[in-house]
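The exercises below ask you to work from the coordinates of one chain, and each is followed by a solution that goes step by step. Please look at the sequence and the structure before you read on.

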Amino acid sequence: MDALSDVVASLRSGRPFANREDREGAWHTPFAPFAGAGFHIVLSGSCRLLTDNGAPRTLNVGDVVLTPHGTEHALADLGHADEDGPTSLLCGAYQLDRSQSHPLLATLPEVIHLRSQFGRHPALQSAVSLLGSELQHPQQGSVSALSTLLDLLLIYMLRAWLEDESDRGAPGWSAALADPAVSAALSAMHEDPARAWTVEELGRKGNLSRAAFARRFTGLVGQSPLAYLTWWRLSVAARLLKDGTTSLDAIAHQVGYGSQYAFANAFKRAHGISPGRYRLMHASDQQPTQWHPQTGMTA
């Protein structure tokens, strides 16, 4: 699995929420802070995005907004709604497991505003169109279709942001994933975390010397290659522990530890508790949940 897919898989928990909301006249809809990522898509009309920090943002047809940290915000009419006509929105949210927060998530801004531009991010615009259609005209299989489309939407929103950041020459994870040598090393570690990787081997993935690769990786990712590998191994282990079906010995070998004892020591250093205790604490996480980002209600 590639790095971005793994990031999303390690963060996601529960079921995503989405619905279509139509607004007309004077309106104001608040969204409380929550431990997840929210999104809004303007299907027709226009509106304002209001946050505690920063000036109001005008959202037009086709614009996509992601609030990756669950920041409190509101949507409202522009103050001349009669001129713009009704506004249709696709609003939803993803539950995220903050206990396994990937460094990529920490680099995301409070609000990501992806403006609609012809020919820009076509995959994202296609997902938006399909989601709007499924919600407006549900048919047999719509539940499964919506779940799949919402997963795709999250990937496409993150891809679009990373692409825009890379085009701007921004440092950090957008640059790391765009860098051939660093991206190749990340993919190798994500595809085979159990392998006893060396910095020299990872550097060869991008045709770089050991020293040059280590400098580039650390500069872009913010961790040394082997520190990131250790972090990723223990993140994979945490996910397997939550699943509750794999033995501790099997998990240890799947993430590159020669014994259950060595794995347990490394896991406790990273998470502060033993693997067994961690599994017990998170046993209830596997119960399917769904919630509305405005009310916090679960089901």
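A salt bridge is counted here when a side-chain nitrogen of Lys or Arg lies within 4 Å of a carboxyl oxygen of Asp or Glu. The model to which this criterion is applied is a predicted one, and it holds nine salt bridges.

**Exercise 1.** Find which parts of the chain are linked by the salt bridge between Arg120 and Glu163, and state how exposed the two residues are.

*Solution.* Start with the distance: the side chains of Arg120 and Glu163 meet at 3.5 Å, N to O, and the cut-off for a salt bridge is 4 Å. Next, place the two residues in the chain, where Arg120 belongs to the loop between strand 9 (112-114) and helix 4 (122-136), while Glu163 belongs to helix 5 (residues 142-167). The pair therefore links distant parts of the chain, the residues being 43 apart. Finally, consider accessibility, for which partly exposed covers the range between 20% and 50%: Arg120 has a relative accessible area of 24% and Glu163 one of 37%, so that both count as partly exposed.

**Exercise 2.** Determine what further salt bridge Arg120 forms with Asp167, and which residues are joined into one network.

*Solution.* The closest N and O atoms of Arg120 and Asp167 are 2.8 Å apart, which gives a salt bridge. Because Arg120 lies in the loop between strand 9 and helix 4 and Asp167 in helix 5, this pair ties together parts that are 47 residues apart in sequence. Asp167 itself is exposed, with a relative accessible area of 54%. A separate salt bridge is formed by the side chains of Glu165 and Arg168, at 2.7 Å from N to O; here Glu165 is buried at 14% relative accessibility, whereas Arg168 is exposed at 59%. As for the network, salt bridges that share partners join Arg120, Glu163, Asp164 and Asp167.

**Exercise 3.** Decide for His121 and for Asn207, each with a positive phi, whether the residue is buried or exposed.

*Solution.* Take His121 to begin with: this residue, which is not a glycine, has a phi near 55 degrees, and its place is the loop between strand 9 and helix 4. With a relative accessible area of 10%, His121 is buried. Then turn to Asn207, likewise not a glycine, whose phi is about 55 degrees and which lies in the loop between helix 8 (199-205) and helix 9 (210-221). At 73% relative accessibility, Asn207 counts as exposed.

**Exercise 4.** Work out how the buried residues of helix 12 are arranged around its axis, and what covers them.

*Solution.* Begin with the geometry of helix 12 (residues 260-271), whose 12 residues reach 16 Å from the first C-alpha to the last, close to the 16 Å expected at 1.5 Å a residue. The buried residues in helix 12 are Phe263, Ala266 and Phe267. They cover an arc of only 100 degrees around the axis, and therefore lie on the same side of helix 12. The general rule behind such a pattern is that an α-helix has 3.6 residues a turn, so residues three or four places apart point the same way. On the other side of helix 12, Tyr261 and Arg269 are exposed. The cover over the buried residues includes helix 10 (225-243), helix 11 (248-254) and helix 13 (275-281). To finish, note that Gly272 follows helix 12 and has a positive phi, near 85 degrees.

Definitions and conventions
Residues are numbered from 1 along each chain as its sequence is written. This is a predicted model: local features need pLDDT of at least 70, side-chain atom pairs count only at pLDDT 80 or more; totals for chains, interfaces and linings use all residues. Side-chain values use heavy atoms; hydrogens and water are left out. Helices (H or I, at least four residues) and strands (E, at least two) are DSSP runs, numbered from the N terminus. The expected span of a helix is 1.5 Å times one less than its number of residues. Buried means under 20% relative accessible area, exposed over 50%, partly exposed in between (1.4 Å probe, protein chains only). The arc is that of the directions from the helix axis to the C-beta atoms. Contact means heavy atoms within 4.5 Å.
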